[in-house]
Structure formats: structure tokens, C-alpha cells
Amino acid sequence: MSVIEDKSLARPVSADEARPRRAGPVYGGRAVYSAIDLGTNNCRLLVAKPTRNGFRVIDAFSRIVRLGEGLELSGRLSDAAMDRAVGALKICAQKIKSRKVTCMRSVATEACRAAVNCSDFVARVKRETGLNLDVISPAEEARLAVVGCQSLMDQRYSHALVFDIGGGSTELIFIEKRTGGQFSILAWTSVPFGVTTIAERFDCHSLSSETYKEMVALIANHLADFEELGKLVGYVKRGKVQLLGTSGTITTLASVQLGLKRYDRSRIDGAWLRAGSVHALARAVALMPYEERLAQPCIGEDRVDYVVAGCAILDAILTQWPFTRIRVADRGIREGVLRGLMNEGVAFDTGHNRER
């Protein structure tokens with residue numbers, strides 16, 4: 001991996017720069033906004049109306065589509081995967097139409113970035129759903145994740161490490177907080193592994209402790225490079241850094257940790273957990289017998305293998321840096337897109353980054 005400085009983002013910029021102009025006032029009126037996040041594993045939609053303090057969600061949709069299934073071996077989006085994604089996007093388009101959305105943005109991430117037939121897929125989505133997919137860069141993905149989680153930044157900390165464990169990649173962003181709602185991204189990285197790519201590389205169905213260690217080590221190598229770039233350990237040891245996680249992995253583990261019988265966003269989003277307990281739980285869940293893991297009410301069949309891969313990634317993060325607490329975010333890219341469309345984005349000054 002090489003160190004790259006993104007000159008286009010090396011100055012303070014508003015989070016909505018280069019975005020579609022808003023279709024109405026920041027709040028009130030008839031403005032309705034939508035954001036779609038098409039990832040390697042999931043397709044998610046939010047429809048919202050702006051308010052004085054942010055926005056109010058009026059509709060939402062989420063479906064596991066496994067768009068990146070088989071991508072690592074073939075380099076292509078499979079016909080079956082594209083069919084699943086287009087089917088989900090058709091539902092999104094119907095909701096957007098029924099809610100009379102006036103301003104929208106639909107983004108796609110790692111699976112589309114990596115696929116050689118991405119342009120064919122984007123054209124098909126436009127033809128069959130009317131949606132314009134914007135395939136964003138890792139830098140933009142990291143920025144949107146931070147913007148989406150900004151309301152969970154605790155002002156008692158001078159810095160934050162935000163991680164987003166996706167299907168095809170994992171983003172980590174090291175941030176310095178400033179006054180007046182400003183942040184400076186000191187360093188960021190896009191690790192080329194997510195829950196889908198890890199699950200396809202290893203047998204997560206019945207996992208041995210040795211194989212699990214291999215999974216963790218694969219991620220740890222990339223995190224060591226990022227530590228060398230960002231020099232986080234000193235800040236973490238002095239208690240200056242908030243750890244904030246957004247992904248299905250951390251929200252699922254939080255649900256298990258809290259003993260929930262069914263997922264409850266109101267109890268998960270913004271929850272603080274002891275990092276040591278989450279670390280131990282990640283290892284325990286990953287090494288559970290398949291049937292026991294499947295029986296966990298907040299995991300389910302769709303996530304039973306992917307959560308193992310996510311646990312390995314989280315294990316590597318918590319091993320690399322000595323955090324004592326972790327805050328959970330059930331929000332991310334979609335919320336970042338909405339804030340940008342509504343001109344509520346946070347200004348950034350991005351520093352060094354590391355891409356594969």
C-alpha cells in the first residue's frame with residue numbers, strides 16, 4: 001500500500017460540495033430527500049424531511065442483496081447478484097416515487113468499484129429503475145460515514161476513530177475535533193476486506209481457532225500500517241480518542257451483549273459498551289458452533305457467517321488499539337448523504353490517507 005494525499009480534499013470544504021442542489025429550503029416546505037447506499041452486502045434506503053434540528057425519517061428500506069457474492073474470484077458482478085440488487089432498487093424507486101421525493105442521491109461502494117462490469121450494471125439500474133447510481137471513491141465513503149455519525153461524537157474527547165465494517169472493505173477514519181462543528185481528518189484508510197470478502201475466503205460455517213487467528217492476522221497487517229501513518233496509540237492511551245463503530249457487525253454484537261430478543265434501534269444507536277466485553281464477545285460469537293450462533297435472535301440465517309467475518313475485523317481493531325469504551329452507531333453513509341443534500345454537512349480538512 002502507498003501513502004496518498006488527496007489534494008482535492010486537502011482544504012476545509014463543506015460536506016455538500018459537488019452535491020446536487022437542494023430542491024427546497026433547509027426545513028419546511030415540500031422538500032423530501034432520499035439516500036440509497038448500495039453496498040457489497042446490503043441495499044439501504046432512507047427517505048426524510050428536513051427539520052430545524054436535522055431531519056425526520058418518513059420511510060426506510062433495507063435488504064441483504066449480496067451484490068459482491070463471488071466478486072473476489074471472478075472480478076465481476078454475477079447475474080444473480082445484479083438481479084437481487086435491481087429487485088431491491090426497484091422497491092426503493094417505488095418508495096421514492098410514492099413519497100414524492102424532490103432531491104435524491106444514490107451511492108454504490110466497494111462491489112461496484114471493484115467490478116469490471118460496473119458500468120453495465122449502472123446502466124441497467126438506470127434503465128430498469130430510473131435511479132442514477134453514483135459509484136463513490138473510498139475517500140468519499142469514509143467522509144460520508146463520518147458526516148452520518150457526527151451527532152454521536154462526544155465532546156469530552158478531542159479525537160475520534162470511526163470504523164465502518166462493510167461487505168467489501170473496512171473504512172477507518174482518525175479525526176481531530178475542532179470548535180464550531182468542524183473536524184479535521186488526520187488519517188484514513190480503506191482496508192480491502194469486509195464481511196463478504198472474508199466470509200468467501202475462509203470457512204466461517206465451522207471455524208477452528210487457528211483459522212480465526214488467520215482471519216484476524218489478515219486484518220491486523222493493514223491496521224499496523226494505519227497505526228504507523230496516524231500514530232493513534234499515544235492518543236488512545238491518554239484517553240483522548242473516542243471509538244465509534246458503524247456497521248451490522250457492531251450493532252449485532254451490541255444486541256447480543258444487551259440480551260435483546262429482537263433488534264431495537266432505540267437501544268442500540270448511541271449505546272456505550274465496554275470494549276473489553278465486546279472484544280471477548282466477538283471471539284465467543286465467532287467460535288460458537290454454527291447452530292448456537294444461528295439460534296441467537298439478533299443474528300439470524302442471513303448474517304450467521306458474515307458476523308464471524310465481522311467479529312474477526314473488530315477483534316483486530318480492538319487488539320491494535322487499547323480502547324476502554326466503544327460507542328455504537330446505527331447510522332452511517334445514508335445519513336451522511338442526507339446531511340449533504342440538506343446542506344448540513346460538517347466541514348473537513350483531510351490529512352494523509354492510505355489506500356490499497
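**Note on the predicted model: cores, a buried strand and the largest pocket**

1. Leu172 touches Leu161, Val162, Phe163, Ala187, Trp188, Thr189, Val191, Leu223, Phe226, Ile317 and Trp321, leaving aside residues up to four places away in sequence. The model in which these contacts are found is a predicted one.

2. Leu172 also belongs to the largest nonpolar core, a set of 58 residues, where the residues with the most contacts inside the core are Leu161, Leu172, Met215, Phe226, Leu314 and Trp321. The largest share of this core comes from helix 13 (residues 306–320), which supplies eleven residues. A second core, separate from this one, has 32 residues, among them Cys43, Leu77, Leu89 and Ala93. As general background, nonpolar side chains in soluble globular proteins tend to be buried together.

3. Strand 12 (residues 325–329) deserves a point of its own: four of its five residues are buried, that is, under 20% relative accessible area, and the strand is therefore largely enclosed by the rest of the structure. Strand 10 (residues 241–246) runs parallel to strand 12 and is joined to it by three bridges, with Thr246 standing opposite Ala329 of strand 12. Strand 11 (residues 272–274) is likewise joined to strand 12 by three bridges, but this pair runs antiparallel, and here Arg274 stands opposite Arg325 of strand 12.

4. Helix 14 (residues 333–341) is mostly covered, with nine of its nine residues buried. The buried residues of helix 14 include charged side chains, namely Arg334, Glu335 and Arg339, alongside others such as Ile333, Val337, Leu338 and Leu341. After helix 14 comes Asn343, whose phi is positive, near 60°.

5. Which residues lie nearest the centre of the largest pocket? They are Asn42, Arg44, Ser247, Gly248 and Arg303, out of a lining of 41 residues, and the space in this pocket amounts to about 920 Å³. Two or more lining residues come from each of strand 3 (42–51), strand 4 (54–64), strand 7 (159–165), helix 9 (248–257), helix 13 and helix 14.

6. Helix 9 gives the most to the lining of the largest pocket, contributing five residues. Taken by class, the lining of this pocket holds twelve nonpolar, 18 polar and eleven charged residues. Two elements discussed above return here, since helix 13 and helix 14 are each among those that give two or more residues to the lining.

How values were computed: Residues numbered from 1 in each chain as written. Predicted model: local features only at pLDDT ≥ 70, side-chain atom pairs only at ≥ 80, totals over all residues. Heavy atoms only, no water. Buried < 20%, exposed > 50% of the residue type's maximum accessible area, 1.4 Å probe, protein only. Pairing = 2+ DSSP bridges. Core = buried A, V, L, I, M, F, W, Y, C linked by side-chain atoms within 4.5 Å. Contact = heavy atoms within 4.5 Å. 1 Å grid on protein atoms, 1.4 Å probe; cavity = no way out; pocket = protein on both sides within 12 Å on 5 of 7 lines; lining within 4 Å. Points joined across faces, edges and corners; volume = space filled by probe spheres on them.
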